[in-house]
Every structure is written in structure tokens, then in C-alpha cells.
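Hello,

I am passing a structure on to you, and my notes follow below it. Please have a look when you find a moment.

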Amino acid sequence: MNYTHWFIRARLKTRQLLLLVAIAEEGNIHRAADVLNMTQPAASKLLKDLEDVLDVPLFDRLPRGMRPTWYGEAMIRHARVALASLNQAHDEVQALKSGRFGQVSVGAITTPGLMLLPQAISAVKQAHPTLRVSLLIETSDVLMERMAQSRIDMLVARLFAQHDKTALRYEALAEEPAVAVVRPGHPLLGVDGLSLRDLSSRSWIVPPEGSVLRHRFDLMFREEGLDAPADLIETAALLFVTKMIGEGDAIGLLAGDVGHYYARHGIVAVLPIELPCRMDAFGIITRTDRPLSPAARVMLAALKSAAAEMYGVTLEAAA
């Protein structure tokens with residue numbers, strides 16, 4: 001173990017990390033000092049000491065505040081990660097002191113959140129009833145940002161070209177077809193040989209502009225030489241989608257597993273047409289630059305076991 005890291009030689013203080021984050025959030029060293037309950041001269045000295053050690057300016061001093069330099073942006077990003085890790089360490093120790101196994105935070109997009117996570121979490125809770133599990137269902141972009149901030153231990157999501165893949169491990173699970181859903185008893189359910197042409201002039205409820213599924217929705221009509229539907233409601237809120245479908249004749253565009261799940265419960269019916277649009281594969285995403293806690297390793301093992309059973313994939317055993 002190397003005990004001569006720069007931050008040891010520089011006697012880096014936790015309060016300096018807190019100060020970097022506070023200045024970034026407040027935009028002003030005076031307000032940052034107030035937030036941290038220190039005097040402005042003390043805050044200025046802490047910042048100057050850190051800049052002297054690094055030999056770079058961390059903030060541009062402006063007439064009405066302070067703005068991080070590129071050096072500052074880098075330090076602030078890592079300061080957030082370090083502080084989040086310290087908070088997690090404290091929470092883990094407190095959990096163990098109180099007799100709980102620990103805690104784990106998982107993020108998932110809708111389909112695995114609905115299909116995979118219940119099975120995995122049930123297995124974890126059966127084996128470790130006191131393990132606290134936190135689950136966030138969100139888009140891949142939001143989840144990736146939370147993971148970068150060390151607020152989530154692992155994800156079941158998609159990796160896109162714009163995502164920073166440094167220090168990430170991705171294990172693919174499944175692709176995701178899309179389905180068209182309507183209310184039970186909808187007139188289109190009785191149409192033989194249903195085609196995209198039959199659906200192009202209908203009212204649709206679709207994901208918002210800019211999403212992958214929305215892009216592929218528009219594309220599938222154009223590839224058939226058809227105009228994309230113009231009568232649209234745009235939303236990612238599933239409760240709103242199912243409510244609107246149940247009260248009218250609109251068609252909803254949903255991920256396949258989600259649509260079939262609602263159909264099994266009689267909330268919607270899946271139209272008898274295979275849509276030529278699919279979502280990219282999703283998978284389990286973990287970080288390679290920091291070790292998982294014992295609780296997170298238990299959750300990861302349960303995720304991989306449930307995924308192997310549900311999707312027929314062979315994944316490397318959780319370490």
C-alpha cells in the first residue's frame with residue numbers, strides 16, 4: 001500500500017472537499033462559508049492552500065461570484081464522489097452496529113424494474129431480511145448521472161454513445177421489442193391483417209421527442225413510405241398512458257414486457273401486429289474503480305441469478 005499519496009503529503013482536509021462543492025453550488029465563497037459554518041477568511045485560506053498544493057487555479061474570481069475552472073471542475077467532480085463514499089461508509093457502519101446487514105441502492109429502467117428487480121429483491125430479502133434495498137426507476141441518462149455521483153451501486157439500464165464508459169462494466173441481458181397497446185374491446189383488435197397503414201392516421205401516446213423509442217417509432221412509418229402519425233400525446237408517465245388508453249381509442253407505444261404485463265392484468269390489450277422497432281439491449285452496469293459493499297455484492301449476485309433464469313444469459317459470477 002502506498003502511503004505517500006499527494007493528498008497525504010498535502011494534508012488534504014475533508015473541509016476543503018466540502019468547500020469545493022459548496023462554492024460550486026453557491027457560486028460565492030461568502031455563501032459557501034456560511035453553509036459550512038466557517039468564516040470567509042478561513043474559507044479563503046482553505047481554498048488558497050489547496051490551489052497552492054495543486055499549483056493551478058480552481059475558480060475564476062468574477063465580479064459577482066466564482067466559476068470553476070477546468071481544474072476546478074475535475075476536483076469538484078472527484079470531491080463529490082469522495083464525500084458520497086464517506087457518507088456511504090458511515091451508513092454501512094451504522095447499519096452493522098444496529099444489527100442490519102447493510103444497504104444497497106439499485107437503479108433500473110422500466111422493463112427490468114418491472115420484470116427483473118422484483119424477483120432479485122425478493123431473493124435478497126428472503127436471505128437477508130434486514131438488508132435495506134433502495135430502488136430508483138428512471139431513464140438511463142438519469143441513472144448514469146446518479147451512478148457517476150456515487151448515489152447508486154449498480155444499474156440495469158442502457159449504455160448509449162454519449163455516456164462516459166470509463167471505469168464501467170456492462171453485461172448485456174436482453175433486447176427490448178416494442179408493442180402497440182389499446183383498451184380492451186378496442187375496434188382495432190378485430191381487424192384482420194393489421195398493418196402500419198391502419199395505424200398511421202390514429203391517435204397515439206408515445207415517448208417524448210428525443211428518446212430512442214420515439215425516434216424509432218417515427219422511423220418505422222417512414223421506412224414503410226408512410227407519414228408518421230401527427231395526432232400525438234407525448235409522455236413517459238406509465239400511469240398517465242394506461243389511464244388515457246383506458247378512457248379512449250388512443251394507441252400506446254410501450255416496451256414489450258411492460259405492455260404484456262399490463263395486458264395480463266386486463267389493463268390494456270396488445271394489438272396483433274409486430275412492430276418493426278426495437279429498443280437497444282439493456283444490461284447490468286457496475287463500476288470497476290471502486291469495490292462493492294458486502295450488501296451490494298449480495299444484490300448483484302441475486303440480479304445475475306434472476307437474469308440467468310429470466311433471459312437465459314450466462315453471466316460471470318458476482319465477486
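**The loop after α2**

Let me begin with N28, which sits in the loop between α2 and α3 (29-35). Please keep in mind throughout that this is a predicted model. With a relative accessible area of 15%, N28 falls under the 20% limit and therefore counts as buried. Its side chain reaches the backbone nitrogen of R31, at 3.2 Å.

**How α2 meets α4**

Just before that loop there is a helix pair you may like to look at. Helix α2 (residues 14-26) packs against helix α4 (residues 40-54) at an angle of about 105 degrees, and their axes are 10 Å apart. An angle from 65 to 115 degrees counts as roughly perpendicular, so that is how α2 and α4 lie to each other. On the α2 side, the contact is made by R15, Q16, L19, L20 and I23; α4 brings A43, L46, L47, D49 and L50. By type, the residues of this contact divide into 7 nonpolar, 1 polar and 2 charged.

**Two nonpolar cores**

Next, the interior. The largest nonpolar core has 35 residues, and those touching the most other members are L116, V156, L173, M299, L303 and Y311. Several elements give two or more residues to this core: the strands β3 (103-108), β5 (154-157), β6 (168-182) and β11, together with the helices α7 (117-127), α8 (140-148) and α13 (294-311). The largest share, 9 residues, comes from α13.

M299 is a good place to start if you want to explore that core. Leaving aside neighbours within four places in sequence, M299 is in contact with V104, V106, A120, I121, V124, V133 and M154.

There is also a second, separate core, of 23 residues; L19, V56, M75 and I76 are among them. You have already met L19, as one of the α2 residues in the contact with α4.

**R278 on β11**

Finally, a charged residue. R278 is placed in strand β11 (residues 278-287). Its relative accessibility is 40%, between the limits of 20% and 50%, so R278 counts as partly exposed. Beyond its neighbours within four places in sequence, R278 is in contact with E175, E176, P177 and R216. With E175 there is also a polar contact between the side chains, at 3.3 Å. As for G256, 22 residues away from R278 along the chain, the C-alpha atoms of the two are separated by 9.0 Å.

I look forward to hearing your thoughts.

Best wishes

Key:
Residues numbered from 1 in each chain as written. Predicted model: local features only at pLDDT ≥ 70, side-chain atom pairs only at ≥ 80, totals over all residues. Heavy atoms only, no water. Axes fitted to C-alpha atoms, helices over the stretch in contact; angles between N-to-C directions. Helix = DSSP H or I, 4+ residues; strand = E, 2+ residues; numbered from the N terminus. Parallel < 35°, antiparallel > 145°, perpendicular 65-115°, else oblique. Contact = heavy atoms within 4.5 Å. Nonpolar A, V, L, I, M, F, W, Y, C, P; charged D, E, K, R; others polar. Buried < 20%, exposed > 50% of the residue type's maximum accessible area, 1.4 Å probe, protein only. Polar contact = N/O pair within 3.5 Å; in protein donor to acceptor, adjacent residues only side chain to side chain. Core = buried A, V, L, I, M, F, W, Y, C linked by side-chain atoms within 4.5 Å.
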